[in-house]
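Colleague: I'm new to this model and would love a close look at just one part of it. Could you take me through a place where aromatic rings meet, and then the helix around it?

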Amino acid sequence: MKNVVVVGSQWGDEGKGKIVDWLSNKADIIIRFQGGNNAGHTLVIDGVTYKLRLLPSGIVRKNKTSIIGNGVVVDPFALLEEIDEIKLKGVDITENNLIISESASLILPFHKELDEIREDLAGKKNIGTTKRGIGPAYEDKVGRRSIKIIDLASEKNLDEKLETALNHHNAIRKGFGKETYNKEKIKKDLIKIAPEILKYAQPVWKRIDEFKSQGKKILFEGAQGILLDVDHGTYPFVTSSNTVASSAATGSGCGPGLINYVLGITKAYTTRVGQGPFPTELKDKVGEELGNRGNEFGTVTSRKRRCGWFDGVLVRQTIKISGIDGIALTKLDVLDKLDEIKMCIAYDLNGKKIDYLPANIEDQQKVKPIYKTFKGWKTSTNGISKFENLPENAKIYIKELENFVETKVSSISTSPERKDTILVIDPFATN
C-alpha cells in the first residue's frame, strides 16, 4: 500500500480539505505536519460544513486516527475552541482518535500580539499574515526558546521556559512602547488548560513507527501552498514553515522512505490571499466572476482572495520542487460560464522570454504572463463524475494543462461535495 502526502501546488486555498477528506476514506491515519491555525480547510459532508483550522481533515471521519505533528505550531486555546466547535456538530473527538505530538511548539498570546504589531507598523508594506502568531512562534522554535506541549506537564519547566521566552519578548515589547507581559498570568492560564491538552499528547514518531509495522495507510496533510514555502515561495511574502512534500517527514517524525506518492492539489485557475507577486492576477470583471463563482473568501479570515488565470509556469515549478507525482484538479466548474479561458505558459521579463519565476522579488513583480487561449465550454460540469462526460473543450483544457505541467491529473473536482470527483488515478493503489 502507498502512503500519500497532500500539498498545495499554488498559494494555498486550492481545495485541499475536500480532497483530503475524500482520500481519508481509504487512509487509516491522517497527519497534519506543518503550519498553524492560519490554515483553513472547508469540508462539506452530507450538507454539513466543517471549517477546520488546526484539526486534521480526518477528524470528521469515524474509525480514523488524526495526528497533529511536531512541525505544527499549536495555539492551545484556539485548538480547544475548535474541538468544542466540531463536537457541537456531532463529531466525537477523544484521545483515541486525536493525537498531538508532545514536541509541538505552542503559539502564545505574546506571539499573536507581536504578529499584529509588526503587520500594523508595516502599513502598505505588510506581508499579509493572518495575525495569529504563527511566524513569531516559529521564530521562537528556531531560536530555541519555544514552549512545547510536553512543558505543560511540569509547572517548574513551564515557569523556566516562560521566563526565557518573556526575557526576549518583553524586551521587544518595550522597544515598541508596549506593556510587558506578566509571566504568572500566562502560566496560570496554561496550567488551567494543561490537562485538556496533555490528554492528547504522545510521542508521534513512535506511533508512526507502530502504524508502519501494522501496515496502516497514512495520509500526510499539508497546509498553505508550495508558493508560500519559506525557502521556495515568493519570499518574503510567504508563511514561516516548509510547505513542500519533504516537510511531511520532518514535521511528523518519519523517514522520507515512508512517503510513496505526492499529490498536488491544483485549482483550475489561480488565487492568492494577502500581499505579494501574482503574475496572472485579473483585476477586471473576469477576476470578479472567478471570485464570486468560486466563493473565494478565506476560511479562517474571510479575506477576499485575489483571482487570476491558471499559471502553468508556477505549477510546473512547484511540481518539480516538491516531487509531485499527480495533481488533483479542483474547481473546474467555476470556469463553466466563461467564453474563453487562458493559461500562462511563459513570462516576459524585460523583453526576454523565461520559463520560471525568478527568485528576485523585483523581477517577480515585473514579469508579464504569456498566455495560451482556449475556447470555453459554456456547459455545466457541476457534479460530473466521469471524464468522458465532460464537455469537449473542458477535456481539451485539462489535457493541455496536464501536458504543460508534465504531470498526470489524478482526479478532477466538479463541486464542493466529496462525491463529485472524477477519479483517474488512485494515489493509494498498490504498485
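Colleague: To start with, are Phe374 and Tyr397 buried or exposed?

Modeller: Phe374 and Tyr397 are both buried (under 20% relative accessible area with a 1.4 Å probe, protein chains only; over 50% would be exposed, and in between is partly exposed). Bear in mind that this is a predicted model, so local features need pLDDT of at least 70 and side-chain atom pairs count only at pLDDT 80 or more, while totals for chains, interfaces and linings use all residues. Residues are numbered from 1 along each chain as its sequence is written, and side-chain values use heavy atoms, with hydrogens and water left out.

Now for the rings. Searching the whole structure turns up four aromatic pairs (Phe, Tyr or the six-membered ring of Trp, with centres within 6.5 Å; planes under 30 degrees apart are stacked, over 60 edge-to-face, the rest tilted). In one of them, the ring centres of Phe374 and Tyr397 are 5.4 Å apart and the planes meet at 85°, so this pair is edge-to-face. Phe374 sits in strand E18 (residues 368-375) and Tyr397 in helix H12 (residues 392-405), so the pair ties together distant parts of the chain, 23 residues apart. Those labels are DSSP runs numbered from the N terminus: helices are H or I with at least four residues, strands are E with at least two.

Tyr397 has another partner. The rings of Trp377 and Tyr397 have centres 6.1 Å apart and planes at 45°, so that pair is tilted. This one links distant parts of the chain too, with Trp377 in the loop between E18 and H12 and Tyr397 in helix H12, 20 residues apart. Trp377 is buried at a relative accessible area of 7%, and Tyr397 is buried at 0%. Put together, Phe374, Trp377 and Tyr397 make one aromatic cluster.

Next, the helix that carries Tyr397. H12 has 14 residues, which at 1.5 Å a residue should span 20 Å, and its end C-alpha atoms are indeed 20 Å apart (the expected span being 1.5 Å times one less than the number of residues). Besides Tyr397, the buried residues of H12 include Ala394, Ile398, Leu401, Phe404 and Val405. An α-helix has 3.6 residues a turn, so residues three or four places apart point the same way. What do the buried residues of H12 pack against? Helix H10 (312-322) is there, along with E18 and the strands E14 (310-311), E15 (326-330), E16 (340-349) and E19 (408-413); contact here means heavy atoms within 4.5 Å.

Towards the end of H12, look at Phe404: Arg316 lies over the face of its ring, 4.3 Å from the centre. To count as a charge over a ring, NZ of Lys or CZ of Arg has to be within 6 Å of the ring centre and within 35 degrees of the ring normal. Elsewhere, the charged end of Lys89 sits over the ring of Tyr50, 5.8 Å from its centre. Back at H12, the helix is followed by Glu406, which has a positive phi, near 60°.

If you want another helix to set beside H12, try H6 (residues 183-198): its 16 residues reach 21 Å from first C-alpha to last, close to the 22 Å expected at 1.5 Å a residue.
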